[in-house]
Amino acid sequence: SSSQSLPQIMKVSSLAIFLAAACTAGAFTIGVQPAASGLSTSARSPAASAFSLEESSTALHGRRRKGSKKRTFGKVKLNSDTTSGAAKDITESEVRALFSLWNSALATGDSRIVAKRYAKTSILLPTVSDTPRTDFASIKDYFDAFLLKQPQGKILEGDIRIGDGWAQDAGVYEFTMGATGDVVKARYTYTYVFENNSWKIAHHHSSVMPEGIDIATPITEDEVRGLFHLWNDALATEDPDAVAKRYAKEGVLLPTVSDVPRTDYDSIKDYFVNFLQKKPQGVILESNVMVGTNWCQDAGIYEFDLLGDKVKARYSFIYKFEDGEWKIAHHHSSVMPEAQLAGGSSKSEEIQKPIEDDEVRALFQLWNGALATEDPDTVAKRYSKTPCLLPTVSDTPRTDYDSIKSYFVDFLQKKPQGVILESYVTSGADWCMDDGIYEFTMGATGDKVKARYSFVYTLQDGEWMIAHHHSSQMPEEIVPKAMLEEAQKATATA
């Protein structure tokens with residue numbers, strides 16, 4: 001009425017606006033808030049409904065701090081498929097139980113069943129693949145390989161959040177691989193949505209424990225080749241101590257003219273006491289470089305000037321980043337076999353599987369088994385996509401699938417089967433190495449042949465493959481005796 005004061009009019013108008021807004025919000029909330037299947041729902045007051053609307057708009061992304069800007073993450077389309085008129089209420093224990101459904105799907109060994117645990121519009125960021133998987137086919141493809149390990153998981157610690165039509169479980173889980181017995185921890189995030197009357201995985205992010213990851217020290221291919229010059233400059237000092245210091249603490253040297261693997265500072269220095277009397281200086285003629293996480297490889301052919309004589313040899317250097325410096329973890333040098341071998345000879349190679357030393361050595365059986373098939377294609381498939389093979393009886397480095405297969409076409413006619421006699425293993429974050437001596441029995445002739453070997457394995461598509469293989473005959477058997485006698489005389493008169 002006209003007798004009402006202005007403050008009274010404003011008070012009544014404000015109350016009316018508030019009630020109208022609250023009722024509108026309540027109507028909207030009721031329209032999208034699902035009734036729980038099998039559970040009763042209680043009526044909400046308009047004020048409570050208004051609060052739920054505000055809560056649901058921020059819960060998924062976390063509460064905004066005062067003064068921060070609102071971020072837009074994209075709109076979610078609510079339809080009959082995703083809501084069935086409402087999203088099902090869910091408790092924290094029920095959210096945790098959703099992991100068990102996924103884990104049980106793993107136990108079936110069927111990648112289709114696992115992929116069906118994911119929503120129609122989902123994303124999987126897997127532990128051991130760089131590729132985001134965003135549809136049924138690509139998710140199934142990932143589990144085709146992963147399920148071969150027979151994984152079974154358990155949650156060690158987790159944090160659960162629940163919102164309107166979604167739930168999240170994030171933390172740390174641990175898997176036991178039934179195929180190998182390996183136990184692996186990883187971090188996880190699952191975001192579930194209610195779709196077609198069941199909870200499905202809309203988002204799954206799995207990652208290795210970060211404190212176990214080596215941060216890569218960058219190095220270019222030219223810089224890798226430059227590491228040879230540091231070693232060559234050490235040779236120029238004619239100081240065996242300076243040369244030995246270029247090798248890593250657990251370095252392995254398989255020298256050109258000694259059958260004895262050198263596996264520590266003293267034995268490496270001892271080799272160079274004699275070798276440096278020839279005043280060697282080298283130059284690389286052919287180089288093949290590979291770079292990994294805190295390791296790199298250079299393999300090929302080099303030539304040395306030894307008191308006026310020119311001598312070619314094959315080489316493999318594996319460098320590792322140790323104490324802030326690149327050091328030689330592995331060095332294998334062998335004479336050019338085609339110039340030295342008379343008549344038939346042999347070759348050797350092997351495969352191994354890292355982390356534990358015994359697992360690295362066990363990889364030999366995979367490669368040896370491939371030899372037993374007498375199929376060069378099967379053997380060539382044991383090598384990585386960017387391999388380097390320096391064979392026992394060929395001067396030509398083999399750096400691709402076709403050239404490696406070509407080598408085994410002839411070698412497998414000898415029906416070779418090998419055993420390791422002496423082995424030295426080194427392992428890194430995503431690589432491992434095995435050096436030593438092995439012996440082959442040639443089934444076609446009955447001949448037994450010893451050789452020195454070096455294998456470097458890298459992890460490729462979840463499997464350890466041969467990235468580098470250098471095989472050479474025992475040098476004291478092929479270096480002319482006159483050369484050995486000359487070297488012994490030089491030592492005696494020094």
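1. Starting with the rings: a search of the whole structure turns up 47 aromatic pairs. Keep in mind while reading on that this is a predicted model.

2. One cluster of rings is worth pulling up in your viewer. Ring pairs tie together Phe-99, Trp-102, Tyr-118, Tyr-142, Phe-143, Phe-146, Tyr-173, Phe-175, Tyr-188, Tyr-190 and Tyr-192.

3. Next, helix H7, which covers residues 221-236, 16 residues in total. From first C-alpha to last, H7 reaches 24 Å, close to the 22 Å you'd expect at 1.5 Å a residue. The buried residues of H7 are Val-224, Leu-227, Phe-228, Trp-231, Asn-232, Ala-234 and Leu-235. Looking down the axis, those buried residues fall within an arc of 155 degrees, so they line one face of the helix. After H7 comes Glu-238, with a positive phi near 60 degrees.

4. Now the strands, with S13 as the one to follow. S13 runs over residues 431-442 and is mostly covered, with 10 of its 12 residues buried.

5. On one pairing of S13 you'll find S12, residues 416-427; the two run antiparallel over 11 bridges. If you want a register check, Ile-420 stands opposite Tyr-438 in S13. The connection from S12 to S13 is a hairpin through three residues.

6. S13 also pairs with S14 (residues 448-460), again in the antiparallel sense and over 11 bridges. Here the register marker is Met-433, which sits opposite Val-456 in S14. S13 and S14 make a hairpin too, with five residues between them. In that turn, Gly-446 has a positive phi of about 85 degrees.

7. Last, a loop residue: is Pro-261 buried or exposed? Pro-261 is in the loop between strand S6 (247-254) and helix H9 (265-275). Its relative accessibility is 10%, and buried means under 20%, so Pro-261 counts as buried.

8. What does Pro-261 touch, leaving out residues up to four places away in sequence? The contacts are Leu-253, Leu-254, Glu-422, Tyr-424 and Ile-437. Take Glu-422, one of these contacts: Pro-261 and Glu-422 are 161 residues apart in sequence, yet 9.2 Å apart in space, C-alpha to C-alpha. For orientation, S12 spans residues 416-427 and S13 spans residues 431-442, which is where to look for the partners Glu-422, Tyr-424 and Ile-437.

Technical notes:
Residues are numbered from 1 along each chain as its sequence is written. This is a predicted model: local features need pLDDT of at least 70, side-chain atom pairs count only at pLDDT 80 or more; totals for chains, interfaces and linings use all residues. Side-chain values use heavy atoms; hydrogens and water are left out. Helices (H or I, at least four residues) and strands (E, at least two) are DSSP runs, numbered from the N terminus. The expected span of a helix is 1.5 Å times one less than its number of residues. Buried means under 20% relative accessible area, exposed over 50%, partly exposed in between (1.4 Å probe, protein chains only). The arc is that of the directions from the helix axis to the C-beta atoms. Rings of Phe, Tyr and Trp (its six-membered ring) pair if their centres lie within 6.5 Å; planes under 30 degrees apart count as stacked, over 60 as edge-to-face and the rest as tilted. Two strands pair if DSSP finds at least two bridges between them. Contact means heavy atoms within 4.5 Å.
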